[in-house]
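Work through the exercises below with the sequence and the structure open. Each task is followed by a stepwise solution.

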Amino acid sequence: MSDIILGIESSCDDTSAAVIKDGFLLSNVIASQQVHKDFGGVVPELASRAHEVNIVPVVSQALEKAGVKPEELSAIAFTRGPGLLGSLLVGTSFAKAFGLSLGKPIVMVNHLQGHILANFVKQYDKENRQPSFPYLCLLVSGGNSQIVKVSSPLEFEILGQTIDDAVGEAFDKCSKMMGLGYPGGPIIDRLAKQGNPDRFKFAKPHIQGLDYSFSGVKTSLLYFVRDEMEKDPQFMENNKEDICASFQKTLIDILLDKLVKAAKQTGIKEITIGGGVSANSGLRERIEMEGKKRGWNTYLPEFKFTTDNAAMIAIAGYFHYLAGEKTSLDVAPVSRIADF
Ligand code: KG4
C-alpha cells in the first residue's frame, strides 16, 4: 500500500501545503503573504492572521491538485518549529484538528530538517539526483546560516553556525538600508549580475572553527555607503550594481571558506545547499565551481524547494512516519531550535 503524506508549513510568511506519495511529489501549493511588503520585514502578528485566512484554501488546493481524498492520507506532517510562534500555531492547530477529525496520525517536523532533506523530494518527470549519506548541507536562510552533517534522514549534527546575524538577514538589512527594497536577497542577486564583484572590498570576519559571523560585514558595507554618500549623494544610484556584486561576493567568500574547511575536516565530498539564500545565483555558481575543483558531488535544490515550502516538510515527515514516529495531540509549537 502507498504512503501518502500531507505536509503543512507555516513557520514564517508563507502558507504552504504539499502531498507526496511514496516520496513522489503530487502537489505543492504556496501562498506568499504580500501584507509585509510595506514594512520592509515580516510582521509576526500580520503573518499569523494571513496564515489563518490561507490555511484551509491552501490545504484544499493541495489535496485537489494531488487528486487525493483526505481519507486516503496516511499521515499529516507539520512544522513544529523553529519559527514565529503565532504562525506555527496556525499550522500546528490545523494539523491536529485535521488529524483528529480524520483519525489519522500527525507527525511533527523540524523546519531546518525539512530544508536539509529537500533534495529527497522526488518528482515523476525528473532525474531525482540525491546525495548519499553522510553529506554536508550549507543551510542558509533569513534565520539560519549553518553547516550541517547529515548522517541519515533522521540524524544530523550542526558543525558550525552563525554567532550573530544570518546571511539572509545581511542581504535583507543591507538592501533595506541602501534603499533597494525587501526582501534583499533576490534584489541584490539581480543587481550583482550586472556589477563588478572585485571593485569594492568589505571586512571579513575572523571567527574560529566552523562558525560564521555576518554582522561585521554588514556594518562595513553600511559605513562605506554612508561615507561615500556624504561625498557624493549620487554614489549609491551610480554604483549600486558594483556595490551589490562586491557585497554578495564577500558573503559568498565567507560561506565557502567554512564549507571548504568542513569538507576537509570531515572528508565528506557530498555537498548540498538549502534555505532561501540557496536560491542565490552567485552562490550556486560558486558551489558548482568549488565542487569541480575539489571533486565534490554537489546537489543544488530547484528554486521552488529553496524557500519555505511544504514539500520538504512532507518528505521529512515521511521519513519520521516510516520510522514509526507519531506525535501526540498535546504537542505545542516551539520558536527556537533549542526547545525542539
Ligand atoms: O528560507 P527562507 O525562505 O525563510 C526564512 O528563513 O525566513 O529564506 C528567506 C531568505 C531571505 O533573507 C531572502 O532575502 C533570502 O532568503 N533569499 C535570497 C535569494 N532569494 C531569497 N538571498 C540571496 N539571493 C537570492 N536569490
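**Exercise 1. Place a bridge partner.**
Find the residue of strand 4 that is the bridge partner of Gly-7.

Solution. The model is predicted.
- Step 1. The partner of Gly-7 in strand 4 is Ala-77.
- Step 2. Look at Leu-6 as well: its bridge partner in strand 4 is Ile-76.
- Step 3. Now take the strands as a whole. Strand 1 covers residues 4-9 and strand 4 covers residues 75-81. They run parallel and are joined by four bridges.

**Exercise 2. Lay out the sheet around strand 4.**
Give the strand order of the open sheet that has mixed pairing and contains strand 4.

Solution.
- Step 1. Five strands make up this sheet, in the order 3-2-1-4-5.
- Step 2. Find the edges. Strand 3 (24-32) and strand 5 (106-110) each pair on one side only.
- Step 3. Add the twist. From one strand to the next it averages 20°.
- Step 4. Check the pairing of strand 4 with strand 5: it is parallel, over five bridges. Here Phe-78 stands opposite Met-108 of strand 5.

**Exercise 3. Pack the helices on this sheet.**
Which strands does helix 1 lie across, and which does helix 2 touch?

Solution.
- Step 1. Helix 1 (residues 44-66) lies across strand 1, strand 2 (14-21) and strand 3. It runs at about 25° to strand 2.
- Step 2. Helix 2 (residues 85-102) packs on the sheet and touches strand 1, strand 4 and strand 5. Its direction makes about 160° with that of strand 4.
- Step 3. Trace the connection. Strand 4, helix 2 and strand 5 form a β-α-β unit, and it is right-handed.
- Step 4. Judge the enclosure of strand 4. Seven of its seven residues are buried, so the rest of the structure largely encloses it.

**Exercise 4. Lay out the sheet that contains strand 9.**
State the strand order, the edges and the twist.

Solution.
- Step 1. This open sheet has five strands in the order 8-7-6-9-10, with mixed pairing.
- Step 2. Its edge strands are strand 8 (155-161) and strand 10 (297-299), each pairing on one side only.
- Step 3. Neighbouring strands are turned by 25° against each other on average, direction ignored.
- Step 4. Strand 9 (residues 270-274) pairs with strand 10 in the parallel sense, over three bridges. In strand 10, Tyr-299 is the bridge partner of Thr-272.

**Exercise 5. Follow helix 7.**
Which strands does helix 7 lie across, and how does it cross helix 8?

Solution.
- Step 1. Helix 7 (residues 235-266) lies across strand 6 (135-140), strand 7 (145-152), strand 8 and strand 9. Its angle to strand 6 is about 160°.
- Step 2. The axes of helix 7 and helix 8 come within 10 Å and cross at roughly 35°. The crossing is right-handed.
- Step 3. List some contact residues. Helix 7 contributes Ile-252, Leu-256 and Lys-264, among others, and helix 8 contributes residues including Leu-283, Arg-286 and Glu-290.
- Step 4. Sort the contact by class: seven nonpolar, two polar and five charged residues.

**Exercise 6. Account for helix 5.**
Is helix 5 mostly covered or mostly uncovered?

Solution.
- Step 1. Count with the cut-off for buried, under 20% relative accessible area. Seven of the nine residues of helix 5 (residues 184-192) are buried, and the helix is mostly covered.
- Step 2. Name them: Gly-184, Gly-185, Ile-187, Ile-188, Asp-189, Leu-191 and Ala-192.
- Step 3. Find the cover. It includes helix 4 (167-177), helix 7 and helix 8 (281-294).

Methods:
Residues numbered from 1 in each chain as written. Predicted model: local features only at pLDDT ≥ 70, side-chain atom pairs only at ≥ 80, totals over all residues. Heavy atoms only, no water. Pairing = 2+ DSSP bridges. Helix = DSSP H or I, 4+ residues; strand = E, 2+ residues; numbered from the N terminus. Axes fitted to C-alpha atoms, helices over the stretch in contact; angles between N-to-C directions. Contact = heavy atoms within 4.5 Å. Buried < 20%, exposed > 50% of the residue type's maximum accessible area, 1.4 Å probe, protein only. Left-handed = near helix turned anticlockwise from the far one by under 90°. Nonpolar A, V, L, I, M, F, W, Y, C, P; charged D, E, K, R; others polar. Right-handed = clockwise from strand over helix to strand, strands pointing away.
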